[in-house]
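Here is a brief report on charged and polar side-chain pairs. Look over the sequence and the structure before reading on.

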Amino acid sequence: MLPNLGPVAFTVPDAHLLALEAHDGQVDKRGRDYYLAHLLPIAEALRPYGPHAEMAGALHDIVEDTRDHPDPARRFDLHRLRALGVPEIVVEAIDAVTRRPGEPYMSGLIRRSAAHPLGRLVKLADNKHNMAANDELARTDPERARSLREGRYRPARRILLAAEAADPVHGRRVLV
């Protein structure tokens, strides 16, 4: 009989596997696999900031993108993430970057993301990734790309960077 060694810690590979499972079959606006085209690049950009940052990057859309899934087994909320052993700091960051139904983008989601140190870092990486994707969109729909860039991505980035610069403990981690 082997001794009980206690619970096994949730790991970075666990986060990637969970993201793959939760987003299975999901594609981005260009028809590419959502995990490979969006989640993996953000997680990789956050890797230098530690395992919690990489986990949060891989899982940042899990609640928002699965809340309305027709199969209850494919829905993930904050309670389920905690039950799966996702570290609390990662769950808090996911909560900080998850848009609530009917919530305003700038005064709701972005302000809330900016207030959480790890959530802010995740949202900065997400914003940078979206800006790069916006450059691709500009080739096919320049007016839509301009509208997103000037009305959403740049103003959000200013708020997030200002919050990062003002944070005396966690600030100055700039993902430009």
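With which side chain does the side chain of Asn127 make a polar contact? The partner is the side chain of Arg157, at 2.9 Å. Keep in mind that this is a predicted model.

## Asn127 and its surroundings

Asn127 sits in helix H8. Its relative accessible area is 4%. That is under 20%, so Asn127 counts as buried.

Three residues touch Asn127 once those up to four places away in sequence are set aside. They are Tyr153, Ala156 and Arg157. Arg157 is also the polar partner described above.

## Salt bridges across the structure

Side chains of opposite charge can pair when their charged atoms come close. How many salt bridges does a search of the whole structure find? The search finds 12. Some of them are described below.

## A buried pair between two helices

Glu164 and Arg120 form a salt bridge. Their closest N and O atoms are 2.6 Å apart. Glu164 belongs to helix H9, which covers residues 142–166. Arg120 belongs to helix H8, which covers residues 117–140. The pair therefore ties together parts that are 44 residues apart in sequence.

Are these two partners buried or exposed? Glu164 is buried, with a relative accessible area of 1%. Arg120 is buried as well, at 2%. The pairing also extends to a third residue: salt bridges with shared partners join Arg120, Glu164 and Asp167 into one network.

Helix H8 thus appears twice in this report, because Arg120 lies in it and Asn127 does too.

## A pair with one buried partner

Arg47 forms a salt bridge with Glu54. The closest N and O atoms lie 3.0 Å apart. Arg47 is partly exposed, with a relative accessible area of 43%. Glu54 is buried, at 7%. The cut-off for buried is under 20%, so Glu54 falls within it, whereas Arg47 does not.

## A partly exposed pair

What distance, N to O, goes with the salt bridge between Arg82 and Glu88? Here the side chains meet at 2.8 Å. Arg82 has a relative accessibility of 35% and counts as partly exposed. Glu88 has 36% and also counts as partly exposed. Both values lie between the 20% and 50% limits, which is why neither residue is called buried or exposed.

Note on methods. Residues numbered from 1 in each chain as written. Predicted model: local features only at pLDDT ≥ 70, side-chain atom pairs only at ≥ 80, totals over all residues. Heavy atoms only, no water. Salt bridge = Lys/Arg side-chain N within 4 Å of Asp/Glu carboxyl O. Buried < 20%, exposed > 50% of the residue type's maximum accessible area, 1.4 Å probe, protein only. Helix = DSSP H or I, 4+ residues; strand = E, 2+ residues; numbered from the N terminus. Polar contact = N/O pair within 3.5 Å; in protein donor to acceptor, adjacent residues only side chain to side chain. Contact = heavy atoms within 4.5 Å.
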